[in-house]
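Here are a few short exercises to work through with the model open on your screen. Try each one before you read the solution.

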Amino acid sequence: PTVGKGTQLPDLVAIAASFDPTVAAAFGRAISEEFRGKGCNVLLGPDVEVVRTPLAGRSFESLTGEDPYLGSQLAGAYVGEVHRHGLIATAKHWLDNEQEKNRQELDVIVGTRAQHEIY
């Protein structure tokens, strides 16, 4: 892959704030063109974690924001566009990844109802 200059793109949570799958698709197209131009073939994203607190270390990476349904609509549009450009999109941080501090030692306990209704 080619290294060097890159385009500063908005955070995915800003794309989520648009509430618009066409914006997510346009973002997917833009980032795909950037990655393909650098010779890359795998994109590590999008982050599809439901943001439960704005203080979480990776909140800015989330394409879902606070709404799982919104996230499903936006992620589908984003990933579809990435795949149309011949790249592999690897959705990450599926659930229960709200804390960065001590995350290697953390034991996340979520009740069954919350797990099903939120995530």
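**Exercise 1.** What is the mean pLDDT of the protein chain, and what share of its residues reach 70 or more?

*Solution.* Keep in mind that this is a predicted model. Start with the chain average: the mean pLDDT is 86. Next, count residues at 70 or more, and you get 96% of the chain. Then go element by element: helix H4 (residues 112–118) has the lowest mean, 85, and strand S2 (residues 88–89) has the highest, 96.

**Exercise 2.** Find the largest nonpolar core and work out which elements build it.

*Solution.* The core holds 19 residues, and Leu12, Ile15, Ala24, Phe27, Leu63, Leu74 and Tyr78 have the most contacts inside it. Now map it onto the elements: H1 (12–16), H2 (21–37) and H3 (68–84) each give two or more residues. H3 supplies the largest share, with seven. Finally, zoom in on Leu63. Skipping its neighbours within four places in sequence, Leu63 is in contact with Leu12, Ile15, Ala16, Pro46, Asp47, Gly71, Leu74, Ala75 and Tyr78.

**Exercise 3.** Check the length of H2, then see which of its residues are buried and what covers them.

*Solution.* Length comes first: at 1.5 Å a residue, the 17 residues of H2 should span 24 Å, and the end C-alpha atoms are 24 Å apart, so the two agree. Using under 20% relative accessible area as the cut-off for buried, you should pick out Ala24, Ala25, Phe27, Gly28, Ile31, Ser32 and Glu34. Their cover includes H1, strand S1 (42–43) and H3. Last, look past the end of the helix: H2 is followed by Gly39, with a positive phi near 85 degrees.

Notes: Residues are numbered from 1 along each chain as its sequence is written. This is a predicted model: local features need pLDDT of at least 70, side-chain atom pairs count only at pLDDT 80 or more; totals for chains, interfaces and linings use all residues. Side-chain values use heavy atoms; hydrogens and water are left out. A nonpolar core is a set of buried Ala, Val, Leu, Ile, Met, Phe, Trp, Tyr and Cys residues joined through side-chain atoms within 4.5 Å. Buried means under 20% relative accessible area, exposed over 50%, partly exposed in between (1.4 Å probe, protein chains only). Helices (H or I, at least four residues) and strands (E, at least two) are DSSP runs, numbered from the N terminus. Contact means heavy atoms within 4.5 Å. pLDDT is the predictor's confidence in each residue, from 0 to 100. The expected span of a helix is 1.5 Å times one less than its number of residues.
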